[in-house]
Every structure is written in structure tokens, then in C-alpha cells.
Amino acid sequence: MARHRAQTFLLILICALLGLYGCKSPASERREWRFALEEIKGGVQDAYAMRFKELIEARSQGDITVSVYPYGTLGTSDQVTELVNNGAVHFAMASPGHLGKMIPEVQVFLLHFLLSEDDRVNRQVYRELQKMPVFKQLYAEKGLAFLAFYPEGWMAWTTQKPVRRPADFAGMKLRVMTSSLLLAAYQNYGASPIAMPYAEIYSALQLKMIDGQVNPVFAIEEMSFYEVTDYLIFPRQAQFISSAVSSQAFFERLTAAEQQLVREVIAQVNDEIYDIQERYNRERLQGITERSDIQIMVLNDAERAAFAEAYQPVYDVYKRLAGERGAALLADIQALVARMQAARS
Ligand code: 6CS
């Protein structure tokens, strides 16, 4: 903890020296907007931020420029969240897998078997989610302006051993994002999960400190996790969901027209990103199969059902971690998925 604080302090100091920190006047802040990512250049978050940049710069007629900082330039996900919270950067991606430490309720998006198997249903669910006022409130309480949720693809396991049933996880050291709900989930399956930052996964796999990890395909490809694992397994248990956020203090200082501009551009990019992430995941799966002999496994309905059954106690863990508001949110999302599903069938 002390080490983490010292690192964050150092990061803020570096940002201040680079002129990234919020001691500038609001007028100069308005000219350059800084957008920090939790993923490297070429990823889904980069596609999102680059489109945001393109639209903001065009629609402000050059008045505003957007600088995008990919993962590795400013720090870990937690540090990026602290930087946007402090106003050192103006926009950032904040994934529930890490943000859940600050806002436990958002871990609802880490729950397995919550979404529909039908991506057309999920697409409508994501559209409706943006309108739930509770998110604005939860984020604002932590100094963040909530802008949107969006998916980045189904989470897949890459492991050294095949996994078809929960028992296959026994003793497996599986890397998860830094969320106590994820630790509980994989402990519940029988694995020995370990939370660590994104940047450490590849070498941890290579050095056999861990036996597997969980991420969407595009990330498995661009972070080269497929090079150091033998199985790529699709359980369709959950999607990777991220949120776009702004510094609350910065956002409140924007004019009404600028706030409107941000909201309109975010709405447009959020709509576009759905197809982009689908394409990235499809194309990169192709790339993985061309460049490696990793074995691909797709769990069948009975195998998925066994995981879904084993997972049930984790819903109570979520309710304990996220409290009353979290439980209400979960019920709302379950009702939303059921409603959208019924409308489709
Ligand atoms: O596993 C992680 O930590 C990261 N995975 C993705 C796909 N995006 C950001 C996140 O930090």
C-alpha cells in the first residue's frame, strides 16, 4: 500500500513536471484534453479514444485537441483512475475489474452468467444501461463523471491445461484483475486466483508464476498471452466491460455546450465501438490461430451449465461487497436482460 502510494506520488510529480497536472488555468485546460487508457496502442480502448479525438477535434473546429495516452505511458489502471480523479488527466477508461475497489457496485459487470448468450440482446442491454441514473451518482461520489459503459468482448481463459469443468481449475494459479469479487469467483471454482496488474501477466506466465489468465481475445493477441499458454478456452461466462469517465471537477468546469459536445461524441463512439470490438476479436482470433498452435476449446451447453451452477454462491459475495445499492442494481440488470431477451424471442 505504502509502495503504491509512493508510486502514485511519483507519477503525479512526473505529470506535474510534464505540465500534465491540473494547476493550469481552466482556459488552457480547455484547449488540450488528455485521455488515458488501460490498454496499449491498437487495442479497443485506443480505437475508442482515437475516434473520440477525431470527432471532438472536428466538431470543435480545432479549438480542442485530444492527446491519447496508451497503457504504459502513465501507469497501471489504478494509477490512471487516480490521475483522472485528481484532474491530472481529463478522460480515462476505468474497467470494473480494477475500479471495483473504489466503487464496489460496478463489480456487477464481473458477474458470470449475468448477460444473455445472444449478443443482439446484450447490445440492447448496454444501450439501456447508460440511462440508469445510479451510475452517475456512484461515480460522482468518487470524483468521477460517468460517461458510458461499453463491451470489449467475451472473456476467454488462456491456460496451460484444458478446463472443461470447475474441478479442472483445482490448484490452478489464474491471474485475474484486482477485484475481490474475481478472486472469490475463481476460488469458488477451485482455482488459486492471483490479482496483478495487466503489464505483469506476460512475464508471470512465461516464468510459470501463474498457469493462466482471463481476457478478451483482442487483448490475448496484442499482449501475446497466446505465446505462453497452450489452451484458449471460451466459456462465454462474462464480457469484458469498461467505462469511459472524466474528471468530475474538470467536467463541471466545462461550458454547457462543451458538456453536450462530449456527451454527443461519447454516444456516437459508444455505438460504433460495439462493431469495432467484434471485428477486433474476430480478426485477432484468426491471427492467433495462424501464428500459433494453441488449442481452442468452446464449452458446450452442459459444461457451461456446470460452471453456472458452481457460480451461484458468488452472487451472494457480490451482494455482501456491494451492499444494498449493489443488490438493487443487480436486480435491475437481471430484469433488464430478461426483458430484452423476452422481446427478442
Ligand atoms: O486484464 C486487465 O487488467 C486489462 N484487460 C483489458 C482487456 N483491458 C484493461 C484491463 O486493465
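1. Two strands count as paired here if DSSP finds at least two bridges between them. In this predicted model, strand β4 (residues 144-159) and strand β7 meet that condition, with 5 bridges joining them in an antiparallel arrangement. One position in this pairing can be given by residue: T158 has Q213 of β7 as its bridge partner.

2. Strand β7 also pairs with strand β5 (residues 173-176), here in the parallel sense and over 2 bridges. In this pairing L174 stands opposite G212 of β7. β7 is thus joined to β4 in the antiparallel sense and to β5 in the parallel sense.

3. Is β7 buried or exposed? Buried means under 20% relative accessible area. Of the 5 residues of β7 (residues 212-216), 5 are buried, so the strand is largely enclosed by the rest of the structure. The burial covers both directions of the side chains: G212, V214 and P216 point one way, while Q213 and N215 point the other way.

4. Strand β9 (residues 239-247) gives a similar entry. 9 of its 9 residues are buried, so β9 too is largely enclosed by the rest of the structure. On one side lie Q239, I241, S243, V245 and S247, and on the other F240, S242, A244 and S246; both faces are covered.

5. Which strands pair with β9? Strand β3 (residues 91-94) does so in the antiparallel sense over 4 bridges, with F91 opposite S246. Strand β4 is joined to β9 by 8 bridges and also runs antiparallel to it; F149 stands opposite S243 in that pairing. β4 therefore appears in two pairings in this note, because the pairing condition of at least two bridges is met with β7 and with β9.

6. The ligand is surrounded by E38, E39, S77, H98, R175, M177, Y198, N215, P216, A219 and F240. Several of these residues belong to the elements described above. N215 and P216 are buried residues of β7, and F240 is a buried residue of β9.

7. Three polar side-chain atoms can be placed relative to the ligand. That of R175 lies 2.8 Å from a ligand oxygen atom, and that of S77 lies 3.2 Å from a ligand oxygen atom. For N215, the ligand atom is a nitrogen, at 2.9 Å from a polar side-chain atom of the residue.

8. S77 is also part of helix α4 (residues 77-86), where S77, Q79, V80, T81, L83 and V84 are buried. Just after this helix, G87 takes a positive phi of about 90°.

9. Helix α3 (residues 44-59) and helix α12 (residues 256-291) have axes that come within 9 Å and cross at roughly 145°. The crossing of α3 past α12 is right-handed. The residues of this contact comprise 14 nonpolar, 3 polar and 4 charged.

10. V265 is found in helix α12. Its relative accessibility is 0%, so V265 counts as buried. The C-alpha atom of V265 is separated by 11 Å from that of S60, although the two residues are 205 residues apart along the chain.

Key:
Residues numbered from 1 in each chain as written. Predicted model: local features only at pLDDT ≥ 70, side-chain atom pairs only at ≥ 80, totals over all residues. Heavy atoms only, no water. Buried < 20%, exposed > 50% of the residue type's maximum accessible area, 1.4 Å probe, protein only. Axes fitted to C-alpha atoms, helices over the stretch in contact; angles between N-to-C directions. Left-handed = near helix turned anticlockwise from the far one by under 90°. Nonpolar A, V, L, I, M, F, W, Y, C, P; charged D, E, K, R; others polar. Near = heavy atom within 4 Å. Polar contact = N/O pair within 3.5 Å; in protein donor to acceptor, adjacent residues only side chain to side chain.
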